[in-house]
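Let's take a friendly walk through a protein fold, one piece at a time. Keep the picture beside you as you read.

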Amino acid sequence: MDTRQVAVSCPDMQQTETATQAAQEEALLPKRGGTSVIWLHFGFNSTDTEQKTPICKLCYKTIPAPHGNTTNLFYHLQKAHEKEYSRIQKIRAKPSCGTTGAIWEKKNYSQPKIQQSFAQGTPYEKTSQRHKQITEAISRYICKGMAPVYVVEKDSFRDLVKVLDPRYVMPGRKHFSKVELPRLYDACRAKVEKDVCSVMHYALTTDLWTSRDTQPYMSVTIHFINKDWTLCARCLQTAYFPEDHTGGMLAQGLRDTLESWGLQECHLVCVTTDNATNNISAMELNQWERLQCFGHRLQLAIENALKALTPVSTKQAVERAVGVCKKVVSAFSKSWKKKRELAKAQAVLGLPPHQLIHESPTRWGSRQMMIDRFLEQEKALSQVLLADKKPVLHLFNNEILSQKDGDTELTKAVKDGVLKYLNEKYDDHATNNLLDMATLVDPRFKTAYIKEERVEFIKMRAAAELVDMVGATAPESAQTAAASSSPPAAEDDPELPRPTKKKKSLGSYFKKAGQSTTHSHPSRASIELELSMYLQTPGPDSETDPLERWKQHETNFPLVARLARKYLCIPATSSSSERAFSASGNIITCINNERWWIGQMLADSATLASGGGQQMDEGEGRQEEERPEAGLVRVSGELN
């Protein structure tokens, strides 16, 4: 064979050897159950079922390894394959490594000490941090979840806590009702007191309520605007009120509430209440400004408009239609079969799966919601039955309740009745002054909804109030400094030493007039000028938040901003107290009637949830209102 033939055949021989080695390597089987890293480089023939003869995957040499001993294997790797051996040693130095057949892990097992074993079965000390944390968490669950206090005595609840932490021993019911819940109330009260202590002007809402077990309560809520121009509401109390609900007793109870919270009556702007006679009498006795709840008035206006319909036949037709709605809703709420068929009809007709709504005399707008839901589900109901056999007042006057083309005689009569009632009830001098002042400081409206003959009067009233406010809040230090720096005082009293004159420096001639160290009170003219500039400034869009607008422009009109803080905190309705009663009703039930610190609904700052809704009766389409995560329920008395 010549040289060319050898050169040509060498590559073919190398490829053949490589293929043979790869085939042999693939034919070698890994060690069954092998955990040592050495088995990365050794295997067994498929015919060696007992795996007694390991073969090196690098040189395919058979290495004797009696009884699975790996010493000879490491020795072979060290002598014949030094690089692989060094790599293996680095892998062995790591905490864990893996092989093709198994994973080798280096585990450190340590036997617990005797002290640790005993500590795992020893209950926490009552003074320990862990015991306090769990106890506080249970207390907050009772308060925020509105759970009865006796839940801590239920075996199922105790078993749950025991599984979560066996070392915790839960205190008894009296500990939570007399220690933990009062402590949470005190902490929440301190937080609320911090918020209201520096309030310059505030408004109140109050109402009375009777629980399911006929226990009377009185709620008081404060409304104010903080330094960041955020409208805040805090429920000061929902307190047990066993006295007679006369105007005198209510007046005294409200004064006691303000005194207990350190609130001054001179900073109270207005109290929003419903139209109960005792509430009106209480405000008159205390000589407090009162605003009628617009929600109550609107509800009464609608009811009176329906009662005053003429002719009698129209009134009877409306009453008959409302009566039919009530009977249909009642029939569907009492029959599970009709509910089932209604759900099927809704699915077939593509209607929303809403439940029917009951009318409740104590819930605003419930009749309108009942009729609206009835009309929405009219097709489904028919199928089942066949198968079965201020700016607000201005807006009301000019937009919402104004007569329009196409209105029926019934619609016109209802609109006229509602408008007549509202205009009569709000045609009061004190109420008009209050509403006009609030409208004036609202940057969206200003004088747009104030009668022309009253605009100048409201401007004068606003300027007079600003003069009083500026004079009352003037810093005494500025007055003292002005008096002490007055040169005539030294001339009139010869006994006083004359102050030595200081030489003026060059810089004093460049001092601007605005850099004077003494602060004089704004004059009546400057106040009227600022008020006039405010009224001439273009207002924002009607959808703009007025408080956010004042937050941005307070520096432009600092005096008018004080007036805005005073009047824009007044709530239009007493719904804050109503929402507090809705949450209280879930706490004070016939079963859970512990009249000792029953609970508190705690939140980050004890803030009442803004907005709200209607909470319908059981069996109806429940429209859950935004519950006030901030009410405080304090009830005195004895445990039943």
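In which sense do β6 and strand β7 pair, and over how many bridges? β6 and strand β7 (residues 231-240) pair in the antiparallel sense, and nine bridges connect them. Please keep in mind that this is a predicted model.

**Strand β6 and its partners**

Strand β6 covers residues 216-225, and 10 of its 10 residues are buried. In a regular strand, side chains alternate between the two faces of the sheet. Here both faces of β6 are covered. One side carries Pro216, Met218, Val220, Ile222 and Phe224, while the other carries Tyr217, Ser219, Thr221, His223 and Ile225, and all of these are buried.

β6 also pairs with strand β5 (residues 202-210): the two run antiparallel and are joined by eight bridges. You can follow individual pairs in the picture. Tyrosine 217 stands opposite tyrosine 240 in β7. On the β5 side, leucine 208 has methionine 218 of β6 as its bridge partner, and leucine 204 is matched with isoleucine 222 of β6.

What links these strands along the chain? β5 and β6 form a hairpin with five residues between them, and threonine 214 in that turn has a positive phi of about 60°. The hairpin of β6 and β7 also has five residues between its strands, and there tryptophan 229 takes a positive phi near 60°.

**Strand β5 from its own side**

Is β5 buried or exposed? Seven of its nine residues are buried, so β5 is largely enclosed by the rest of the structure. Besides its pairing with β6, β5 is joined to β8 by four bridges, and these two strands run parallel. Within that pairing, tyrosine 202 has leucine 268 of β8 as its bridge partner.

**A helix residue that meets the sheet**

Now look at threonine 257, which sits in helix α8 (residues 247-260). Why does threonine 257 count as buried? Its relative accessibility is 4%, and buried means under 20%. Not counting residues up to four places away in sequence, threonine 257 touches Met218, Val220 and Gln237. Met218 and Val220 lie on one side of β6.

**Two nonpolar cores**

The largest nonpolar core has 43 residues, and those with the most contacts inside it are Trp229, Tyr534, Trp550, Leu563, Tyr567, Leu568 and Ile570. Several elements each supply at least two residues of this core, including β8, α10, α16 and α18. The largest share, seven residues, comes from α18 (452-472). A second, separate core of 23 residues includes Val220, Ala251, Leu254 and Trp261.

For a close view of one member of the largest core, find leucine 568. Leaving aside neighbours within four places in sequence, leucine 568 is in contact with Ile225, Leu231, Ala438, Val441, Asp442, Leu547 and Trp550.

**Two helices with a buried side**

The table sets out two helices, α16 and α12.

| Helix | Number of residues | Distance between end C-alpha atoms | Expected span |
|---|---|---|---|
| α16 (residues 409-425) | 17 residues | 24 Å | 24 Å |
| α12 (residues 336-349) | 14 residues | 20 Å | 20 Å |

The buried residues of α16 are Lys415, Val418, Leu419, Tyr421 and Leu422. They cover an arc of only 165° around the axis, so they lie on the same side of α16. On the other side of α16, Glu409 and Lys420 are exposed.

In α12, the buried residues are Lys338, Leu342, Ala345 and Gln346. Their arc around the axis is only 100°, which puts them on the same side of α12. Turned away from that buried side is the face with the exposed residues Trp336, Ala347 and Val348. After α12 comes glycine 350, whose phi is positive, near 70°.

**An exposed loop residue**

Finally, visit glutamate 50, in the loop between β1 (42-43) and β2 (55-56). Is glutamate 50 buried or exposed? Glutamate 50 is exposed, because its relative accessible area is 54%, and exposed means over 50%. Its side chain makes a polar contact of 2.9 Å with the side chain of lysine 52. Arginine 32 is 18 residues away from glutamate 50 along the chain, and their C-alpha atoms are separated by 9.7 Å.

Terms used. Residues numbered from 1 in each chain as written. Predicted model: local features only at pLDDT ≥ 70, side-chain atom pairs only at ≥ 80, totals over all residues. Heavy atoms only, no water. Buried < 20%, exposed > 50% of the residue type's maximum accessible area, 1.4 Å probe, protein only. Pairing = 2+ DSSP bridges. Polar contact = N/O pair within 3.5 Å; in protein donor to acceptor, adjacent residues only side chain to side chain. Contact = heavy atoms within 4.5 Å. Expected span 1.5 Å × (residues − 1). Arc of directions from axis to C-beta. Core = buried A, V, L, I, M, F, W, Y, C linked by side-chain atoms within 4.5 Å.
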